[in-house]
Amino acid sequence: MSHHLDTPLARQNGQLYIDDLYVFPGHHSTVFVMDVNSTITGPDVQHGFHPEARYEFKIHFDGGEFEGLTYRVSFGEADSTGRQGLQLHALTGDDARDDNATGTLVLDGQTGASAGMNDTRLWAGRIRDPFYIDLAQLETVNAAVKNGTAIDRSAWHAADARNSFADTTVESIVIEVSHQHPQLHAGANIGVWCATKLATDAGGWRQINRAGHPMMWPIFWPDDTDFSNPANDRHPSADLNADGKYIADTVTSVVAASGTSDDAPGYGQTVARTLFPDMLSYEVGTPATYGFAGLNGRTLADNAPEVMFSLVLNTAVTSGLAPSVSERYRAGNFPYVVPV
């Protein structure tokens with residue numbers, strides 16, 4: 001699940017670890033963004049995408065338990081200039097959840113350059129990271145959640161906030177799909193998550209990391225720095241049965257200690273059902289927001305940490321930070337992100 005933290009495994013191969021997932025409207029289109037391989041782990045990260053991995057966007061329709069459409073992106077070895085060849089395949093129906101299915105080749109191209117065909121465009125490369133958070137604030141939330149205590153508001157002040165991710169970069173995959181697509185038409189209700197998968201010696205594929213809602217790993221599994229928790233290996237359809245009680249109990253404890261709900265257990269269960277299955281819900285063609293007005297996709301400007309902290313604690317938790325969103329994104333120009 002999304003982590004965006006400096007961990008031993010992320011330092012070893014951040015190419016496989018997902019930092020963020022975004023879903024928002026483009027120009028009569030839907031934009032899907034997956035960010036991996038943050039330089040928060042250090043400036044000497046191995047750039048590019050793993051040539052033996054798959055990067056997949058999983059799309060569910062009308063509350064379906066399983067994905068009905070998968071966009072699979074794969075990369076070749078880097079050439080002397082650092083560029084990698086790439087291919088985008090689309091898989092539908094039962095093939096969308098079958099690692100052995102090959103799907104349909106939609107387009108191919110190279111990192112650092114836009115590729116387009118029919119109703120789909122793709123760009124992949126290193127960008128300025130749009131994510132922002134003060135990790136000192138995260139520490140105060142972690143302490144409350146871990147210990148089941150009220151947040152210590154004396155330990156951090158919004159006036160002292162700084163973006164711990166300023167000047168960091170990530171590798172990004174951006175897919176834009178026109179509303180002319182037969183499944184991703186305006187009005188379609190979708191659930192979106194993404195995953196990285198690595199080829200195994202036995203010839204199969206192992207799911208390494210997945211992401212839906214932001215901040216899941218830092219809030220609920222902050223001490224699991226080797227990602228050994230099976231939450232990363234499973235399908236979202238198993239989330240509620242596997243970890244619903246854990247999430248509900250964790251939220252219940254911190255909310256009860258904070259006195260922010262008259263029915264802490266009931267609120268804990270509500271949060272568990274909001275976050276599970278772990279995917280972003282979005283109505284195609286509508287304004288996206290991951291905010292207090294509702295959860296409908298996620299834009300590059302949304303203050304996701306503030307929303308998640310407030311949701312888990314059932315009280316307003318301000319970050320003191322403003323988004324650093326480029327004119328390129330505001331203008332709606334493909335690829336929407338800021339390459340470096």
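A residue counts as buried when its relative accessible area is under 20%. Keep that cut-off in mind, since I will use it several times. The structure on the screen is a predicted model.

Let me start with Glu176. This residue sits in strand S9, which covers residues 169–178. Is Glu176 buried or exposed? Its relative accessibility is 5%, so Glu176 counts as buried. What does the side chain of Glu176 make a polar contact with? One partner is the side chain of Ser29, at 2.6 Å. Another is the side chain of Tyr336, and that polar contact is also listed at 2.6 Å. If we leave out residues up to four places away in sequence, Glu176 touches a set of residues that includes Gly26, His27, Asp119, Arg121 and Phe334. Both polar partners, Ser29 and Tyr336, are in that set too.

Next, salt bridges. How many does a search of the whole structure find? The number is 14. I will go through a few of them.

Take Glu56. Its side chain meets the side chain of Lys58 in a salt bridge, 3.2 Å from N to O. Glu56 has a relative accessible area of 0%, so it is buried. Lys58 is buried as well, because its value is 1%. Glu56 also forms a salt bridge with Lys197, where the closest N and O atoms are 3.3 Å apart. Glu56 belongs to strand S3, residues 53–61, and Lys197 to strand S10, residues 189–199, so this pair ties together parts that are 141 residues apart in sequence. Lys197 is buried, as is Glu56. These residues are part of a network of salt bridges that links Glu56, Lys58, Glu67, Arg72, Asp99 and Lys197.

A separate example is Asp243 with Arg234. Their side chains meet in a salt bridge at 3.0 Å, N to O. Asp243 has a relative accessible area of 11%, so it is buried. Arg234 is buried too, because its relative accessible area is 12%.

Now a loop residue. Where does Ala96 lie? It is in the loop between strand S5, residues 84–92, and strand S6, residues 104–110. Being in a loop, you might ask whether Ala96 is buried or exposed. At 2% relative accessibility, Ala96 counts as buried. Leaving out residues up to four places away in sequence, Ala96 touches Lys58, Glu67, Gly68, Leu69, Thr70 and Leu91. Two of these, Lys58 and Glu67, are members of the salt-bridge network from a moment ago. For a sense of distance, Ala96 and Phe131 are 35 residues apart in sequence and 29 Å apart in space, C-alpha to C-alpha.

Last, helix H2, residues 135–147. This helix has 13 residues and reaches 18 Å from its first C-alpha to its last, close to the 18 Å expected at 1.5 Å a residue. At the start of H2, a side-chain oxygen of Asp134 comes to within 2.9 Å of the backbone nitrogen of Ala136. After the helix comes Gly148, whose phi is positive, near 65°. Which residues of H2 are buried? They are Gln137, Leu138, Thr140, Val141, Asn142, Ala144 and Val145. What covers them includes helix H3 (216–220), helix H4 (239–258) and helix H6 (304–313).

That is the end of my part.

Terms used: Residues are numbered from 1 along each chain as its sequence is written. This is a predicted model: local features need pLDDT of at least 70, side-chain atom pairs count only at pLDDT 80 or more; totals for chains, interfaces and linings use all residues. Side-chain values use heavy atoms; hydrogens and water are left out. Helices (H or I, at least four residues) and strands (E, at least two) are DSSP runs, numbered from the N terminus. Buried means under 20% relative accessible area, exposed over 50%, partly exposed in between (1.4 Å probe, protein chains only). A polar contact is a pair of N or O atoms within 3.5 Å; within protein, one must be able to donate a hydrogen and the other to accept it, and residues adjacent in sequence count only if both atoms are side-chain atoms. Contact means heavy atoms within 4.5 Å. A salt bridge is a side-chain nitrogen of Lys or Arg within 4 Å of a carboxyl oxygen of Asp or Glu. The expected span of a helix is 1.5 Å times one less than its number of residues.
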